[in-house]
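Grab a pencil and keep the viewer open. Work through each exercise yourself before you read its solution.

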Amino acid sequence: MTRPGGNTTGVSILATELNAKRLEILHEAVPSARRIGILHDPSIAISLPPVKAAARTLGVELVFAPAQNAEETDAAIRALVKSRVAAVVVLSSANLNAFRAQQIAAFAQARVAAIYEWPETAEQGGFIGYGPRNTAAYRHVAELVNKVLRGAKPAELPIEQPTRFELVVNKKAAKALGIKFPDSILLRADKVIE
């Protein structure tokens, strides 16, 4: 990461590394959930092993639903609801993120709590968002582009990583689902949407 070599640099958002943490946060927010859905992009297989390991530690059953586009996302959400999951982790994926408004609406209608990779998602009506801010990631990219345009060699620039992760919880969404956030979640939250 500090010396990627070649003609490479970039920004890591630690997307797959944070998926297991999101499962832990969701389980803490909805401790009664014994069956948890995993909405995932099948092209990102690296995401699944850490989530499976976290589920074993937590003693929860996972139900997997792959999706990459709008139609598959609809079908996957219907399958998760039909399988009676109590909550859902939406794993990190640019493909799935493109349909987050659709997911927020569908999970709200089905009365299923969901956690997402971007804090902004909770601000848009989702139940919980945890990770680096989307806007911060774009800012890091712009800084790298600026350095390259000013003559820096990409191979000499380290891959940037986020230094701040935010937990945003939406009490309005929780109330609509009949869920009360535990104090442990509210005290750790960087932002609480009332």
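Here come five exercises, each with a worked solution.

This is a predicted model, where local features need pLDDT of at least 70 and side-chain atom pairs count only at pLDDT 80 or more, while totals for chains, interfaces and linings use all residues. Residues are numbered from 1 along each chain as its sequence is written, and side-chain values use heavy atoms, with hydrogens and water left out.

**Exercise 1. Work out the overall make-up of the chain.**

Step 1: start with secondary structure. There are nine helices and seven strands; helices (H or I, at least four residues) and strands (E, at least two) are DSSP runs, numbered from the N terminus.

Step 2: turn to burial. Of the 194 residues in the chain, 45% are buried, where buried means under 20% relative accessible area, exposed over 50% and partly exposed in between, using a 1.4 Å probe and protein chains only.

Step 3: check the contacts, meaning heavy atoms within 4.5 Å. Take those between residues at least 6 apart in sequence: 72% of them join residues at least 24 apart.

**Exercise 2. Put the strands of the sheet in order and find what packs on them.**

Step 1: lay out the order. It's an open sheet of seven strands, running β2-β1-β3-β4-β5-β6-β7, with mixed pairing; two strands pair if DSSP finds at least two bridges between them.

Step 2: look at the edges. β2 (61-66) and β7 (191-193) each have a single partner strand, so one side of each has no neighbour in the sheet.

Step 3: add the twist, which averages 20° from one strand to the next. For angles, axes are lines fitted to C-alpha atoms, for helices over the stretch in contact, and values run from 0 to 180 degrees between N-to-C directions.

Step 4: sort out an antiparallel pair. β5 (residues 128-131) and β6 (residues 166-170) run antiparallel over four bridges, with Gly129 opposite Val168 in β6.

Step 5: add two helices. Helix α2 (residues 48-58) packs on the sheet, touches β1 and β2, and makes about 155° with the direction of β2. Helix α5 also packs on the sheet, touching β1, β3 and β4, and its direction is at about 160° to that of β4.

**Exercise 3. Describe the surroundings of strand β3.**

Step 1: go one way. β1 (residues 35-40) pairs with β3 in the parallel sense over four bridges, and Ile38 sits opposite Val89 in β3.

Step 2: go the other way. β3 and β4 (residues 113-116) are parallel too, over three bridges. Here Val88 has Ala114 in β4 as its bridge partner.

Step 3: check the faces of β3 (residues 87-90). Ala87 and Val89 on one side, and Val88 and Val90 on the other, are all buried, so both faces are covered.

**Exercise 4. Is Gln103 buried or exposed, and which empty space does this residue line?**

Step 1: place the residue. Gln103 is in helix α5 and, at 1% relative accessibility, counts as buried.

Step 2: list the partners. Leaving out residues up to four places away in sequence, Gln103 touches Leu39, Thr73, Ile77, Val90, Leu96 and Tyr116.

Step 3: find the space. Gln103 is one of the residues lining the largest cavity, along with others including Val90, Leu96 and Tyr116. On a 1 Å grid over the protein atoms alone, a cavity is a set of points where a 1.4 Å probe fits but cannot get out, and a pocket is an open set with protein on both sides within 12 Å along at least five of seven lines; lining residues have an atom within 4 Å of a point.

Step 4: size it up. The largest cavity holds about 60 Å³; grid points are joined across faces, edges and corners, and a volume is the space filled by probe spheres set on the points.

Step 5: classify the lining. It divides into five nonpolar, four polar and two charged residues. Ala, Val, Leu, Ile, Met, Phe, Trp, Tyr, Cys and Pro count as nonpolar, Asp, Glu, Lys and Arg as charged, and the others, Gly among them, as polar.

**Exercise 5. Find two non-glycine residues with positive phi.**

Step 1: take Arg84, in the loop between α3 (70-82) and β3. Phi of Arg84 is near 65°, and at 71% relative accessibility Arg84 counts as exposed.

Step 2: take Arg111, in the loop between α5 and β4. Arg111 has a positive phi of about 60°.
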